[in-house]
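Open the model in your viewer and keep the sequence panel at hand. The tour goes one selection at a time.

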Amino acid sequence: MHEGEPERLKGAENRDTQLLQTVEAAAQIKEDSSSVDSDDSIEQEIRRFLAEKAKVSTADKSKDGDVSRNGTVLVCTPLREEDIKQENQLAEIPIKSISPLSGQCPLISPAQDRPLLSQSLLPDMSTVAAHSHLPSVQSGSPSLLEPADGAEKILNEPLQKPDFFRVSELFSLNDLFDARVHLGHKKGCRHRLMEPYLYGCRLGHDIIDLDQTVEHLQQALNFTAHVAYRGGVILFISRRRQFGHLVERTAKYCGEYAHTRYWQGGLLTNANIQYDAGVRLPDLIIFLSTLNNVFQQHVAIRDAAKMNIPTVGVVDSNCNPSLVTYPVPGNDDTPAAMELYCRLFKMTINRAKDKRRHMEILQGMPAPSTPSS
Amino acid sequence: MAGSRLERFGTVFTRVRDLMRSGVIKQSEKPIWYDVYEAFPPKRDPRYVKPHARHDIKKQETVSEIFYREDKVRARFYEEYEAEFFDLSKSNFVSTCQRFVEKYTELKSNSEMDDSALFTETGKALLKEGLILRRKEIHFISEESRSPVLELELTDMLAEQQAVGADTDTPHTS
């Protein structure tokens with residue numbers, strides 16, 4: 001059982017499987033080290049393995065070579081304890097140190113690589129996440145450690161430009177008009193809070209101001225692109241039966257998720273019980289129609305606000321836009337309009353993911369073997 | 001994970017920001033979207049708006065009606081002529097009404113006639129171009145027009161009765 005280094009680790013995992021109820025192999029290492037009864041020898045083996053890996057990777061890459069070697073031995077232990085404490089508090093299954101096992105991304109050092117870890121993990125995570133709910137503590141900026149420049153640059157560079165993903169060239173006002181996005185409901189159905197977004201009322205029909213829609217849609221697409229770029233989980237919601245299949249198809253094409261069926265009460269707020277204990281909730285929810293089938297606001301809008309999840313939503317003239325983070329005033333009833341939205345979201349998400357892969361390749365980080373989209 | 005489920009206080013961003021400031025959410029647990037929101041905030045803060053309970057506040061018409069100058073012409077057109085079909089599948093489709101309106105505005109800019117004369121002029125001009133406008137037939141239901149019909153019916157009935165009277169002697173052969 002304990003022949004080679006990797007196999008030793010695997011053996012350790014197998015042994016601890018009954019203790020931990022995690023699905024992912026990688027997570028077990030962390031749980032291993034976090035439990036009070038962990039074997040010291042296993043820890044030492046892990047550290048040795050990581051150190052070896054670090055040496056191998058520093059031979060390949062010249063980036064943070066010297067520093068990392070110094071950091072490997074010293075910083076390793078305290079950092080991991082910190083992680084342990086954090087993760088115990090979080091009561092989530094952490095996956096920070098997946099990379100050594102996954103074998104796809106060479107590590108510089110566990111300490112330094114926390115930012116790199118999360119970033120290089122993302123492409124891997126996206127493949128795995130497609131099949132199981134995986135928690136991950138995403139570090140937005142490596143503030144605690146010496147910043148690995150590549151990872152930080154990857155994250156921060158897109159934020160500098162106003163339209164890094166050039167989403168404004170994906171659609172024009174004419175496209176919106178042709179897709180009948182400007183057509184609202186009748187005057188009697190109008191929601192008080194939608195009045196600022198309306199251009200006027202033509203013989204009783206509300207007309208949505210497309211100038212405002214263009215701006216809002218650009219903002220929404222930009223936000224979606226950035227979240228997808230950072231490997232966020234995106235959930236499409238629409239309770240319109242007419243477009244259920246379209247929405248599901250869109251989500252499948254992007255490599256993201258969709259929920260077009262009956263929304264059970266606690267899906268977001270009670271996720272820990274309705275799903276697994278360490279479920280990762282979506283990082284962005286896109287509503288292609290904010291109403292449910294009885295013309296009331298979809299429960300998920302309120303729930304997303306409760307769970308601090310930003311939302312992007314197409315709000316028609318009879319919807320309440322107040323809780324939607326990035327509302328897009330527009331028609332949600334016409335097939336042409338819905339197809340336009342689905343196409344736009346699909347294109348932005350795919351574009352963002354492709355960009356991410358390109359940036360990683362440019363930075364010299366390993367490209368994932370199986371991209372999810 | 002720590003969170004704040006108060007959707008009616010502040011926005012998603014302010015709650016997460018304050019939780020981070022107070023240290024409940026660590027920097028490493030910062031959500032993915034936080035930096036993006038900071039860099040590109042929405043036009044309007046997504047705060048919860050309480051619905052107005054009372055409706056006796058005078059309703060301000062903030063959404064204006066959309067009317068065009070050509071609507072007057074269109075109204076007259078539909079009074080006089082029959083409406084043609086609209087083919088909505090073509091985005092550049094021009095209906096007869098629209099053509100009428102365009103001709104009308106053209107003539108109006110060129111000549112100085114008054115409205116009714118202009119109206120008839122446009123009708124003639126369109127006929128010349130080959131566009132046939134069917135005049136709307138207005139069916140009056142008034143006493144004068146009904147009586148000839150009634151008369152015809154009565155005479156028919158009388159004729160029938162006389163025929164029947166004549167036929168009572170002779171057998172029916174129909």
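Start with a pair of residues in chain A. Select Ile286(A) and Val312(A): Val312(A), in β7(A), is the bridge partner of Ile286(A). Now follow the backbone between their two strands. The chain leaves β6(A), passes through helix α12 (residues 299-306) of chain A and arrives at β7(A). This β-α-β crossover is right-handed. Keep in mind that you are looking at a predicted model.

**The parallel sheet**

Select β6(A) together with strand β7, residues 311-315 of chain A. Three bridges pair them in the parallel sense. Next, add the other strands of the sheet. There are five in this open sheet, and across it the order is β5-β4-β6-β7-β8 (chain A). The pairing is parallel. Which strands stand at the edges? They are β5(A) and β8(A), the latter covering residues 326-329. Each has a single partner strand, so one of its sides has no neighbour in the sheet. From one strand to the next, the twist averages 20 degrees.

Now look on the other side of β6(A). Strand β6 spans residues 284-287 of chain A, and four bridges join it to β4(A), running parallel. Pick out two of the facing pairs. Ile234(A) is opposite Leu284(A) in β6(A). Phe236(A) has Ile286(A) of β6(A) as its bridge partner.

Show the side chains of β6(A). Which way do they point? Leu284(A) and Ile286(A) go one way, while Ile285(A) and Phe287(A) go the other. All four are buried.

**Around Phe236(A)**

Center the view on Phe236(A). Beyond its neighbours within four places in sequence, Phe236(A) is in contact with residues including Val247(A), Ala251(A), Tyr257(A), Ile286(A), Leu288(A), Phe345(A) and Ile349(A). Glu256(A), Ala258(A) and His259(A) are also among its contacts.

Widen the selection to the nonpolar core. The largest one has 55 residues, and Phe223(A) and Phe236(A) have the most contacts inside it. Another core lies apart from it, with 19 residues. To find that second core, select Tyr197(A), Ile285(A), Ile301(A) and Val324(A), which are among its members. A general tendency fits here: in soluble globular proteins, nonpolar side chains tend to be buried together.

**Helix α10**

Move to helix α10, residues 244-254 of chain A. Its buried residues are Gly244(A), Leu246(A), Val247(A), Thr250(A), Ala251(A) and Cys254(A). Why do they sit on the same side of α10(A)? They cover an arc of only 170 degrees around the axis, which puts them there. An α-helix has 3.6 residues a turn, so residues three or four places apart point the same way.

Turn the helix over. The face away from the buried side carries exposed residues: His245(A), Lys252(A) and Tyr253(A). Now ask what covers the buried residues of α10(A). The cover includes β4 (234-237), β5 (257-259) and α13 (335-362) of chain A. Step just past the helix and you reach Gly255(A), with a positive phi near 85 degrees.

**The antiparallel sheet**

Go to the other sheet, in an earlier part of chain A's numbering. Three strands form it, in the order β1-β3-β2 (chain A). It is open, and its pairing is antiparallel. The edges are β1 (183-186) and β2 (198-202) of chain A. Each of these has a single partner strand, so one side of each is left without a neighbour in the sheet. On average, neighbouring strands here are turned by 25 degrees against each other, direction ignored.

Zoom in on β2(A) and strand β3, residues 205-208 of chain A. Four bridges pair them in the antiparallel sense. One facing pair to select is Leu198(A) and Ile208(A), the latter in β3(A).

**Across to chain B**

Select Val36(B). Val36(B) belongs to helix α2, residues 32-39 of chain B. Is Val36(B) buried or exposed? Val36(B) is buried, because its relative accessible area is 0%. Leaving out neighbours within four places in sequence, Val36(B) contacts Leu159(A), Phe223(A), His226(A) and Arg230(A). Phe223(A) is the residue you met in the largest nonpolar core.

**Zoom out**

Finish with the whole chains. Chain A holds 13 helices and eight strands. Of its 373 residues, 58% are buried. Chain B has six helices and zero strands. Of its 174 residues, 28% count as buried.

How values were computed. Residues numbered from 1 in each chain as written. Chains lettered and ligands numbered in written order. Predicted model: local features only at pLDDT ≥ 70, side-chain atom pairs only at ≥ 80, totals over all residues. Heavy atoms only, no water. Buried < 20%, exposed > 50% of the residue type's maximum accessible area, 1.4 Å probe, protein only. Arc of directions from axis to C-beta. Contact = heavy atoms within 4.5 Å. Core = buried A, V, L, I, M, F, W, Y, C linked by side-chain atoms within 4.5 Å. Pairing = 2+ DSSP bridges. Axes fitted to C-alpha atoms, helices over the stretch in contact; angles between N-to-C directions. Right-handed = clockwise from strand over helix to strand, strands pointing away.
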